[in-house]
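Welcome! Below are some short exercises, each followed by a worked solution. Take a look at the chain first, then try each task before reading on.

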Amino acid sequence: MIDPHPSGRPLHVAVVEDDADMLDLLVLLLRELAQWQVSSFRSGAAFLEAAEELQPLHLLLVDHRMVPVSGPEILTGLAARGLRTCPAVYLSGMRPSEEDLRLADGFVMKPFTFDELMVALQRFLPGESAS
């Protein structure tokens, strides 16, 4: 289990992924193994609609390539509304462009194992230092 937030409450992560199987797997892994609070969304539009009510978030995992609202569009939309309050990490089977990478804090290449995902995310968690 990943250490909880310093408040003692579980970390709150939002996952935005249009592939239903991938979304279900991520939610299961993050809730059951990492014991995080997970808010999940099948579309960027649904996430943006709910974003204000989800605060505070500790981490945002977002599929880079979704239609009609892509990962970069989600991050731009959050920033424009003053809601970009936590690290954001792209999940993608292809490396995002340098321009898109500048919008996010990190990137995890699909496919990945749970251990690979957690190692990649560790540096973005509260109380962790970037190495």
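**Exercise 1. The overall layout**

How many helices and how many strands does the chain have? Then find the order in which these elements run.

*Solution.* Before counting, a word on the material: this is a predicted model, in which local features need pLDDT of at least 70 and side-chain atom pairs count only at pLDDT 80 or more, while totals for chains, interfaces and linings use all residues. Residues are numbered from 1 along each chain as its sequence is written, and side-chain values use heavy atoms, with hydrogens and water left out.

Step 1: settle what counts. Helices (H or I, at least four residues) and strands (E, at least two) are DSSP runs, numbered from the N terminus.

Step 2: count them. The chain has 5 helices and 5 strands.

Step 3: read off the order. Starting at the N terminus, the elements run β-α-β-α-β-α-β-α-β-α.

**Exercise 2. Size and burial**

Which radius of gyration does the chain have, and what would a compact globule with 131 residues have?

*Solution.* Step 1: apply the rule. The radius of gyration is taken over C-alpha atoms, and the globule rule is 2.2 Å times the number of residues to the power 0.38.

Step 2: compare. For 131 residues a compact globule would come out near 14 Å, and the chain has 14 Å, which agrees.

Step 3: add the box. Along the principal axes, the C-alpha atoms fill roughly 35 × 30 × 30 Å.

Step 4: look at burial. Buried means under 20% relative accessible area, exposed over 50%, and partly exposed in between (1.4 Å probe, protein chains only). Of the 131 residues, 47% count as buried.

**Exercise 3. Strands side by side**

Which residue stands opposite Val 16 in β2? Work out the pairing of β1 and β2, then do likewise for β4 and β5.

*Solution.* Step 1: two strands pair if DSSP finds at least two bridges between them. β1 and β2 run parallel and are joined by 5 bridges; here Val 16 stands opposite Phe 41.

Step 2: turn to β4 (residues 88-92) and β5, which also run parallel, with 4 bridges. Val 89 stands opposite Gly 106 in β5.

Step 3: follow the connections. A crossover is right-handed if, with the strands pointing away from the viewer, the path from the first strand over the helix to the second runs clockwise. β1, α1 and β2 make such a right-handed β-α-β unit, and so do β4, helix α4 (residues 98-103) and β5.

Step 4: look along β5 (residues 106-109). Gly 106 and Val 108 point to one face and are buried, while Phe 107 and Met 109 point to the other and are not.

**Exercise 4. The cores**

Which residues touch the most other members of the largest nonpolar core?

*Solution.* Step 1: recall the term. A nonpolar core is a set of buried Ala, Val, Leu, Ile, Met, Phe, Trp, Tyr and Cys residues joined through side-chain atoms within 4.5 Å.

Step 2: name the residues. Among the 24 residues of the largest core, they are Leu 30, Trp 36, Leu 59, Leu 61 and Leu 117.

Step 3: trace their sources. β1, α1 (20-33), β3, β4 and α5 (114-122) each supply at least two residues, and α1 gives the largest share, 6 residues.

Step 4: find the other core. Apart from this one lies a core of 22 residues, including Phe 41, Phe 47, Met 66 and Tyr 90.

**Exercise 5. A charged name in a loop**

Is Glu 17 buried or exposed?

*Solution.* Step 1: locate Glu 17, which sits in the loop between β1 and α1.

Step 2: check accessibility. Glu 17 counts as buried because its relative accessibility is 1%.

Step 3: list neighbours. Contact means heavy atoms within 4.5 Å. Not counting residues up to four places away in sequence, Glu 17 touches Met 22, Leu 23, Phe 41, Arg 42, Asp 63, Met 66 and Lys 110.

**Exercise 6. Backbone details**

Where are the cis peptide bonds from Gln 55 to Pro 56 and from Val 67 to Pro 68?

*Solution.* Step 1: Pro 56 lies in the loop between α2 and β3.

Step 2: Pro 68 lies in the loop between β3 and α3.
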